[in-house]
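Me: Please take a close look at the salt bridges of this protein and at the residues that form them. I would like one connected account rather than a list.

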Amino acid sequence: MITLQHTEIKASFETSTHVVGHIFKVTLYKRLIGMVSRHALNQIAAEFERVNYADIDSSRCGCIMRTTHGLPCACELARYVVGRIPLDIVHMFWRRLSF
């Protein structure tokens, strides 16, 4: 029973990293697709909407997403508006499933 559950969870996670929406098929997310979970991508996209407000000012940003989730916050994402978000700024928790 446990082995079956383990297999189902692993398959679900693999699907989560490979099936992405159209919103993520832009250059900004190119290094993250297939490497982080879909939930993490959704969280980053929601935080990216705050970039216009926070810009690179960490006092306006508050860096809540970085401290609570290990994902890049708005002031970090402001640096990558024209480029690509690097994989190494996403915490390992969102990149690997391990038991």
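Reply: Glu47 is a good place to begin: its relative accessibility is 6%, so this residue counts as buried, the cut-off being under 20%. Its salt-bridge partner is Arg50, and the closest N and O atoms of the two lie 2.6 Å apart. Arg50, in turn, has a relative accessible area of 27% and is therefore partly exposed, so that this bridge joins a buried Glu47 to a partly exposed Arg50.

This is a predicted model, and a search of the whole structure finds two salt bridges. The other pair is Arg66 with Glu76, where the closest N and O atoms are 3.0 Å apart. These two residues link distant parts of the chain, since Arg66 belongs to helix 5 and Glu76 to helix 6 (residues 74-77), ten residues apart. Here Arg66 is partly exposed at 26% relative accessibility, whereas Glu76, at 15%, counts as buried.

As for confidence, helix 5 (residues 64-69), which carries Arg66, has the highest mean pLDDT among the elements of the protein, at 92, while helix 1 (residues 2-18) has the lowest, at 80. For the protein as a whole the mean pLDDT is 84, with 91% of the residues reaching 70 or more.

One further residue deserves mention beside helix 5, namely Cys63, which is placed in the loop between helix 4 (58-61) and helix 5. The phi of Cys63 is near 55°, a positive value in a residue other than glycine; most residues other than glycine have a negative phi.

Definitions and conventions: Residues numbered from 1 in each chain as written. Predicted model: local features only at pLDDT ≥ 70, side-chain atom pairs only at ≥ 80, totals over all residues. Heavy atoms only, no water. pLDDT = per-residue confidence, 0-100. Helix = DSSP H or I, 4+ residues; strand = E, 2+ residues; numbered from the N terminus. Salt bridge = Lys/Arg side-chain N within 4 Å of Asp/Glu carboxyl O. Buried < 20%, exposed > 50% of the residue type's maximum accessible area, 1.4 Å probe, protein only.
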